[in-house]
Amino acid sequence: MLTLAEVRLRRGPQVLIDGASCSIFRGEKAGIVGRNGCGKSTLLALIRGDLAPDAGEYRAPPGLAIAAVAQELPDTEATLVDYIRGGDLELAAHEVQMRAAEDAAAGEAVVSHGRQARGSDGAAEQLDGARLALLHAEYERLGGYAARSRAAQLASGLGFAPDDLERPVRRFSGGLQMRANLARALMRRSDVLLLDEPTNHLDLDAVLWLESWLRSYAGTLLLVSHDREFLDGVVGRILHIEVGHLRSYAGNYSAFETQRAAEAERTQAMLASQQRERARVESFVTRFRAQASKARQVQSRLKWLARLPEVATLHLEEGFEWEFAPPAKLPRPLLTLERAAAGYGDRQVLRDVSLDVSPGDRIGILGRNGAGKSTLMRVLAGQLAPLAGRMEAAPDVVTGFFAQLELEHLDADGTALGELQLRGGPEQARWTELDRRNHLGRFGFRGDRVFEPTRQFSGGERARLALAILVARRPNLLLLDEPTNHLDLEMRHALLLALQDFAGAVVIVSHDRSLLRGACDRFLLVANGAASPFDGDLEDYAAWLARGAGASEAKGPGDSGASAPSRREERRLQAEARNRLTPLRSEQRKVEQRLEQLTAEQKDIESRLADPATYAAAGGEEQRRLSARHGELSGEISALEERWLEVASALESAG
């Protein structure tokens with residue numbers, strides 16, 4: 001059992017977690033969630049033994065085997081399969097003993113041969129032989145003969161091709177090297193497995209495989225992740241870090257959200273009830289404080305107020321709220337591919353691809369690692385010319401491309417404000433500095449943070465900045481290649497809501513199933529060098545992968561054509577439902593913004609009407625004008641509130 005007792009953790013002068021107490025039991029699978037920078041990785045470092053608590057106590061059983069993914073890229077000429085196999089530290093140590101014993105036995109054999117020539121007995125040789133036999137038996141028990149096969153299976157599950165097994169690890173890209181580190185950590189025999197955002201460098205098929213592997217893991221798992229479906233599929237407990245507090249919730253992430261919402265509602269009701277009671281008692285005290293006959297009752301109520309416990313309010317962090325500005329133009333179609341081929345030099349990755357992309361389209365791209373998904377996205381973005389066929393983009397198309405390497409394009413010495421001004425496109429060139437700061441504020445960059453160099457930003461902050469720059473360009477075609485890497489759950493949810501209301505077209509490659517489900521109406525499968533419609537949902541895709549579908553199976557998952565029309569019809573109805581809801585959501589936001597403006601104006605008028613100088617100005621003319629305007633505002637606000645209720649009811653009825 002791992003135990004935290006009143007633990008405080010700092011990062012420099014900043015207290016990340018304070019007063020944390022919880023116990024994690026053997027075999028438990030717990031997810032650690034919270035905003036980027038809240039202390040999740042620091043908590044893992046404490047459990048890993050890399051740091052000590054600043055206060056409180058952390059206890060763990062002695063001799064605990066803890067596996068974690070190395071964050072440094074491996075600089076080794078070892079082949080992939082040998083590098084992964086080396087993660088089994090117990091087996092590696094045993095192999096050292098075996099080699100030493102075999103070397104000693106070989107040396108003894110030379111000496112023994114001389115003894116036999118002189119007629120000496122072979123007792124020592126028999127002892128060495130027995131020891132070697134025991135070592136080989138232990139090697140078999142440790143699975144030494146199957147270790148290479150196990151390493152190859154881990155590599156395959158995480159998306160490596162068979163040809164990759166004998167390649168030196170240092171020759172892979174950074175993302176693939178991190179996958180190799182993950183495979184090496186999974187290879188280790190461990191009591192506790194610590195994983196910090198393990199899906200960031202994985203494709204959807206690898207995420208599905210890892211989810212299945214972790215469900216069968218027998219040890220204790222502590223998982224930091226911002227993928228809600230991945231958490232739902234793996235963990236049975238949530239540790240939530242917010243505003244320095246650590247709280248434990250039973251169940252998976254969906255259960256946590258339900259408990260959290262109920263807790264907030266309960267707390268709000270208790271707080272309102274207590275405030276009403278406090279106001280009633282304070283009113284009594286104020287009325288009767290000066291009356292001697294009521295002195296005892298007044299003192300009694302004052303003591304009651306002093307003993308009244310404070311209701312502990314939930315610490316709710318400010319969320320992200322933003323949307324894509326309406327595109328200037330929405331030509332139809334935005335983009336057309338006709339029998340296009342794509343690749344690099346003489347190597348053809350895709351062939352015979354035909355696709356129309358129009359406003360309102362929501363397309364998810366599925367396929368195995370290396371099948372050509374990112375190649376297709378680069379063609380759609382205009383970064384890669386087709387090797388054959390035709391690609392035609394509308395004259396007014398404005399493409400917003402969020403690529404996997406988008407964060408690397410940011411200038412490390414540039415500020416958030418400067419990067420937005422430099423890369424935000426012609427639309428924001430007309431913005432004032434206040435406009436830019438307001439825009440960045442919606443993505444979490446407030447105050448002096450807009451002047452900090454981006455090298456000081458975390459991965460999540462850099463991803464948010466890249467999204468802020470993309471939104472400022474007012475695109476009508478969005479191409480998102482793994483946009484949720486490094487984004488926390490709140491920002492992922494904000495992105496999903498913004499995509500649902502976006503008037504243009506969206507094409508997404510992502511391992512985040514929540515994003516794909518919520519944002520996409522149809523899927524395109526990239527496999528066997530082709531890109532074809534996928535007649536199914538994400539469950540069908542998972543089943544297709546589980547059947548071992550490979551390059552030879554480029555069609556959809558349906559066993560027969562009977563279910564395909566129903567699936568298409570279901571997706572069509574979902575798209576129509578979303579299209580019906582989009583105007584309502586847009587109107588709701590506009591009504592809320594207008595209500596905020598009118599309420600602020602009304603409060604300003606009430607403040608001025610409370611000022612005696614208003615009545616003396618110009619014979620009371622100013623007072624009459626303000627009173628008339630106050631009446632107009634009351635009518636407008638009442639009408640807007642009624643309309644807001646109508647829209648909210650319509651949205652609720654539509655689900």
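A salt bridge is a side-chain nitrogen of Lys or Arg within 4 Å of a carboxyl oxygen of Asp or Glu. Keep that cut-off handy for the first stop. One thing before you click: this is a predicted model.

**Stop 1: a pair in helix α19**

Select Arg 608 and Asp 604. Their closest N and O atoms are 3.8 Å apart, and the two form a salt bridge. The pair counts because 3.8 Å falls within the 4 Å limit. Both residues sit in helix α19, which covers residues 563-609, and they are four residues apart, so about one helical turn separates them. Are these two buried or exposed, or something in between? Arg 608 has 35% relative accessibility, so it counts as partly exposed. Asp 604 is partly exposed too, at 40%.

Why look for pairs like this? Side chains of opposite charge can pair when their charged atoms come close. Over the whole structure, a search turns up 38 salt bridges.

**Stop 2: a pair in helix α7**

Now select Glu 211 and Arg 215. Their side chains meet in a salt bridge, with 2.8 Å from N to O. Again you're inside one helix: both belong to α7 (residues 204-215), four residues apart, about one turn of the helix. Colour the two by accessibility and you'll see a contrast. Glu 211 is buried at 8% relative accessibility, whereas Arg 215 is partly exposed at 46%.

**Stop 3: a bridge between separate parts**

Next, pick Arg 492 and Asp 512. The closest N and O atoms of this salt bridge are 2.6 Å apart. Which parts does the pair tie together? Arg 492 lies in helix α16 (residues 489-501), while Asp 512 lies in the loop between β16 (505-509) and α17 (513-519), so the bridge links parts that are 20 residues apart in sequence. Turn on the surface and look for the two ends: Arg 492 is buried, with 6% relative accessibility, and Asp 512 is buried with 3%.

**Stop 4: a network**

Select Arg 594, Glu 601, Arg 629, Glu 632 and Glu 636 together. Salt bridges link these residues in a network.

**Stop 5: a six-stranded sheet**

Switch to cartoon view. Six strands make an open sheet, and walking across it you meet β14, β15, β16, β12, β17 and β18, in that order, with mixed pairing. The edges are β14 (399-402) and β18 (530-534); each has a single partner strand, so one side of each has no neighbour in the sheet. From one strand to the next, the twist averages 20°.

Zoom in on β12 (residues 362-366) and β17 (residues 522-527). They run parallel and are joined by four bridges. Where does Gly 364 fit in? Its opposite number in β17 is Phe 523.

**Stop 6: strand β6 and its partners**

Select residues 192-196, which make up strand β6. Four of its five residues are buried, so the rest of the structure largely encloses it. One partner is β5 (residues 66-68), which runs parallel to β6 and is joined to it by three bridges. Here Ala 68 has Leu 194 as its bridge partner. Another partner is β7 (residues 220-224), which pairs with β6 in the parallel sense over five bridges. In this pairing, Leu 193 is matched with Leu 221.

**Stop 7: Leu 9**

Jump to Leu 9 in strand β1 (residues 2-11). With 1% relative accessibility, Leu 9 counts as buried. Now add Asp 54 and draw a distance between the C-alpha atoms: 5.5 Å in space, although the two are 45 residues apart in sequence.

**Stop 8: two cavities**

Finish with the empty spaces. How many cavities of 30 Å³ or more does a search of the whole structure find? There are two.

The largest has a volume of about 50 Å³. Among the residues lining it are Asp 203, Lys 373, Glu 482, His 511 and Tyr 541. Sorted by class, this lining has five nonpolar, three polar and three charged residues.

The second largest cavity has a volume of about 40 Å³. Select some of its lining, including Leu 337, Ala 340, Val 353, Leu 376 and Pro 386. What classes appear here? Nine nonpolar residues, with no polar and no charged ones. β10 (335-344), β11 (347-357) and α11 (373-381) each give at least two residues to this lining, and β10 has the largest share, with four.

Conventions:
Residues numbered from 1 in each chain as written. Predicted model: local features only at pLDDT ≥ 70, side-chain atom pairs only at ≥ 80, totals over all residues. Heavy atoms only, no water. 1 Å grid on protein atoms, 1.4 Å probe; cavity = no way out; pocket = protein on both sides within 12 Å on 5 of 7 lines; lining within 4 Å. Points joined across faces, edges and corners; volume = space filled by probe spheres on them. Nonpolar A, V, L, I, M, F, W, Y, C, P; charged D, E, K, R; others polar. Buried < 20%, exposed > 50% of the residue type's maximum accessible area, 1.4 Å probe, protein only. Pairing = 2+ DSSP bridges. Axes fitted to C-alpha atoms, helices over the stretch in contact; angles between N-to-C directions.
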